[in-house]
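Reader: Could you take me on a close look at one part of this structure, the disulfide and what surrounds it? I would be glad of one connected account.

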Amino acid sequence: MPKKIALLAALLVLATPGGDPPVRERVAVYGDLAHARHVAVVVPGSDVDGDRFDATVGRMARALHAEVGRDDVAVVAWLGYRTPSGLGVDAASGRLARAGAASLSRYVSGLPGRVHLVCHSYGSVVCALSGVRVDDMVFLGSPGVRVRSAAELGGRVWAARGADDWTRWVPKIRFADLGHGTDPVDPDFGAEVFDTGDARKHDEYFKPGTASLHALGRIAVGERP
């Protein structure tokens, strides 16, 4: 445990947070949101901003919408918070996630139909802290979620991590505001864990043709992976 705490503390010297630039909120919708029975919202993690939107969270949402292939499903690429840059102190702390959680809660409250949150990497911290009650919450490649059990979240809670995802090495502890605590793929957390198959790395969960994307497509329409 002391070594893990030292590792988290060391992150403090890897990056020094400066002043926060203005948040460039951006949303892209794939499908007919106004008439959707199901709405899947993709929440990204670190290193996503307006310039990288299309190549990151936009790509994820487009892949999921194509996988579902139904007219009654809309998929949203949501960027409503300033994401951490790299693996510095912002990624290890909850400050940006808390701001993102409040923004996500406001956005989700106005959505029609059944809502399914698909939360990648640091985005899983944002989702877990949002307090929103949705039909499904999915944690992909999560560094931890800052809540102790799936029972605190309501709805169906899913979690997955590829065999070669680097987040498996992140210490699942909390020390003051550093670290995100419980690993959602830990059986004690209580999420239903699904196999990502050949999507083994952190950036492969939305890769077309993978078991991971197929599972996400089923969850997005209220089915089981």
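Author: Happy to. A disulfide here is a pair of cysteine sulfur atoms within 2.5 Å. Please keep in mind that this is a predicted model.

With that cut-off, Cys 119 and Cys 127 qualify, because their sulfur atoms are 2.2 Å apart and the limit is 2.5 Å. A search of the whole structure finds one disulfide. The link between Cys 119 and Cys 127 is left-handed, with -100° about the S-S bond. Both of these cysteines are buried.

Now for the loop that follows strand β4. Ser 121 lies in the loop between β4 and α5. Its relative accessibility is 7%, so Ser 121 counts as buried. Setting aside neighbours within four places in sequence, Ser 121 is in contact with Gly 45, with Leu 140, Gly 141, Ser 142 and Pro 143, and also with His 202.

Next come the aromatic rings. Tyr 122 forms one aromatic cluster with Trp 78 and Tyr 81. The structure holds three aromatic pairs. In one of them, the ring centres of Trp 78 and Tyr 81 are 6.0 Å apart and the planes meet at 20°, so this pair is stacked. Trp 78 has a relative accessible area of 2% and is therefore buried. Tyr 81, at 3% relative accessibility, counts as buried too. Another pair is formed by Phe 139 and Phe 189, whose ring centres lie 6.4 Å apart with the planes at 65°, so it is edge-to-face. Phe 139 sits in strand β5 and Phe 189 in the loop between β6 and β7 (192-193), so this pair ties together parts that are 50 residues apart in sequence. Phe 139 is buried, because its relative accessibility is 0%. Phe 189 has a value of 2%, so it also counts as buried.

Those two phenylalanines lead on to the nonpolar interior. The largest nonpolar core has 33 residues, and the members that touch the most others are Val 41, Leu 104, Leu 117, Met 137, Phe 139 and Phe 189. At least two residues of this core come from each of the strands β2 (38-43), β3 (73-79), β4 (114-120), β5 (136-140) and β6 (156-160), and likewise from each of the helices α4 (95-108) and α5 (123-130). Apart from this core lies another, of 31 residues, with Val 42, Met 60, Val 68 and Ala 215 among them.

What does Val 41 touch, leaving aside its neighbours within four places in sequence? Its contacts are Val 76, Trp 78, Leu 104, Leu 111, Val 115, His 116, Leu 117 and Val 118. Trp 78 in that list is the residue whose ring stacks with that of Tyr 81.

Leu 111, another contact of Val 41, is found in the loop between α4 and β4. With a relative accessible area of 14%, Leu 111 is below the 20% limit and therefore buried. Not counting residues up to four places away in sequence, Leu 111 touches Leu 33 and Val 39 as well as Val 41. Looking further along the chain, the C-alpha atoms of Leu 111 and Arg 174 are separated by 33 Å, with their positions 63 residues apart in sequence.

Strand β4 also brings us to helix α6, since what covers the buried residues of α6 includes β4, together with α2 (57-68), β5 and β6. Those buried residues are Ser 212, Leu 213, Ala 215, Leu 216, Gly 217 and Ile 219. Ala 215 is also among the residues of the 31-residue core. Ser 212 belongs to helix α6, which spans residues 211-219. At 0% relative accessibility, Ser 212 counts as buried. Not counting neighbours within four places in sequence, Ser 212 is in contact with Thr 196, Ala 199 and Tyr 205. A polar atom of the Ser 212 side chain lies 2.9 Å from the backbone oxygen of Tyr 205.

Finally, a word on the record. The unreviewed UniProt entry carries the annotation "domain: DUF1023" for residues 27-173. In the model, that span is 26% helix and 23% strand, and its end C-alpha atoms lie 32 Å apart.

Conventions
Residues numbered from 1 in each chain as written. Predicted model: local features only at pLDDT ≥ 70, side-chain atom pairs only at ≥ 80, totals over all residues. Heavy atoms only, no water. Helix = DSSP H or I, 4+ residues; strand = E, 2+ residues; numbered from the N terminus. Buried < 20%, exposed > 50% of the residue type's maximum accessible area, 1.4 Å probe, protein only. Polar contact = N/O pair within 3.5 Å; in protein donor to acceptor, adjacent residues only side chain to side chain. Contact = heavy atoms within 4.5 Å. UniProt positions renumbered as here; feature names shortened; annotations may be inferred. Core = buried A, V, L, I, M, F, W, Y, C linked by side-chain atoms within 4.5 Å. Phe/Tyr/Trp six-rings, centres within 6.5 Å; stacked < 30°, edge-to-face > 60°.
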